[in-house]
Amino acid sequence: MRIVHIPVVYVSSDQGRVFSPSTPQSSFHIMFRAAVRLSVSGIRSLTRPQPGCQGALAARCYSHGKVETDEEFDARWVTYFNKPDIDAWELRKGMNTLIGYDLVPEAKILDAALRACRRLDDLASAIRILEAVKDKSGPHKAIYPYLLQELQPTLTELGISTPEELGIDKL
């Protein structure tokens with residue numbers, strides 16, 4: 001078996017110089033140049049102006065819109081569900097969006113949603129709204145009974161039974 005030595009040639013990209021590994025200075029020269037390049041780019045990143053938002057102000061930088069108060073939020077959703085021409089798709093989309101937020105909807109929003117279900121003659125959606133609110137209240141056991149207490153006049157007026165009255169919660 002015969003061993004063949006193939007010479008390796010390094011080409012410097014910045015000035016077109018050719019170095020061979022037999023020159024001890026060439027590999028050191030290449031490594032030194034690479035180290036200098038990395039350190040210069042690191043210093044540039046430190047001296048580059050950073051965005052004005054940091055730490056506690058970060059939330060402001062992500063949104064350019066006006067911050068909505070709780071009352072405005074509630075009024076927007078009550079108006080949405082009180083539209084006289086709301087259809088079943090809009091009702092489901094609105095409830096899915098509302099349930100997707102990190103909150104349990106206020107009783108006045110649920111009242112408007114239940115009345116929209118009644119206008120659409122959709123009892124299944126009304127019961128599903130109550131189930132979703134019970135699920136959304138999660139480990140906070142006092143929220144759902146409070147909402148049922150607040151919604152009881154509306155439920156009675158519209159003839160809507162709760163999931164507990166129907167026995168659905170036991171399935």
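Which element supplies the largest share of the lining of the largest pocket? In this predicted model, that share comes from α6, with six residues. The pocket itself encloses about 230 Å³ of space. Its lining consists of Leu91, Arg92, Met95, Asn96, Ile99, Ser125, Arg128, Ile129, Ala132, Asp135 and Lys136. Two helices, α4 (88–100) and α6 (123–137), each contribute at least two residues to this lining. By class, five of the lining residues are nonpolar, two are polar and four are charged.

The overall architecture gives the setting for this pocket. The secondary structure comprises eight helices and two strands, and the order along the sequence is β-β-α-α-α-α-α-α-α-α. Of the 171 residues in the protein, 25% are buried. Among contacts with a separation of 6 or more, 54% link residues 24 or more positions apart. The exposed surface of the protein amounts to about 12600 Å², of which 59% is supplied by carbon and sulfur atoms.

A second pocket was also characterised. The second largest pocket has a volume of about 180 Å³ and is lined by Glu68, Thr69, Asp70, Phe73, Asp74, Leu103, Val104, Pro105, Glu106 and Ile109. Helix α3 (residues 70–81) provides the largest share of this lining, three residues. The lining of the second largest pocket contains five nonpolar residues, one polar residue and four charged residues.

Enclosed space was examined next. Rolling a probe the size of a water molecule over the atoms shows where empty space is left. One cavity of 30 Å³ or more is present in the structure, and the largest cavity has a volume of about 50 Å³. Cys117, Arg118, Asp121, Asp122, Leu123, Ala126, Leu158 and Ile160 form the lining of the largest cavity. The elements giving two or more residues to that lining are α5 and α6. Five of the cavity-lining residues are nonpolar and three are charged, with no polar residue.

In soluble globular proteins, nonpolar side chains tend to be buried together. The largest nonpolar core of the model has 26 residues, and those with the most contacts inside this core are Phe81, Leu114, Ile129 and Leu130. Two or more core residues come from each of α3, α4, α5 (107–119), α6 and α7 (143–158). The greatest contribution to the core is that of α5, with eight residues. Ile129, listed among the core residues with the most contacts, is also one of the residues lining the largest pocket.

The surroundings of Leu130, another of these core residues, were listed without counting residues up to four places away in sequence. Leu130 touches Leu114, Tyr144, Leu148, Leu151, Leu155, Ile160, Ser161, Thr162 and Pro163. One of these partners, Leu114, is likewise among the core residues with the most contacts. Another partner of Leu130, Ile160, belongs to the lining of the largest cavity.

Thr154 was considered separately. This residue lies in helix α7. Thr154 has a relative accessible area of 7% and is therefore classed as buried, the cut-off for that class being under 20%. When residues up to four places away in sequence are not counted, Thr154 touches Asp111 and Arg115.

Notes
Residues numbered from 1 in each chain as written. Predicted model: local features only at pLDDT ≥ 70, side-chain atom pairs only at ≥ 80, totals over all residues. Heavy atoms only, no water. 1 Å grid on protein atoms, 1.4 Å probe; cavity = no way out; pocket = protein on both sides within 12 Å on 5 of 7 lines; lining within 4 Å. Points joined across faces, edges and corners; volume = space filled by probe spheres on them. Helix = DSSP H or I, 4+ residues; strand = E, 2+ residues; numbered from the N terminus. Nonpolar A, V, L, I, M, F, W, Y, C, P; charged D, E, K, R; others polar. Core = buried A, V, L, I, M, F, W, Y, C linked by side-chain atoms within 4.5 Å. Buried < 20%, exposed > 50% of the residue type's maximum accessible area, 1.4 Å probe, protein only. Contact = heavy atoms within 4.5 Å. Areas by Shrake-Rupley, 256 points an atom, 1.4 Å probe, with all protein chains shown as cover.
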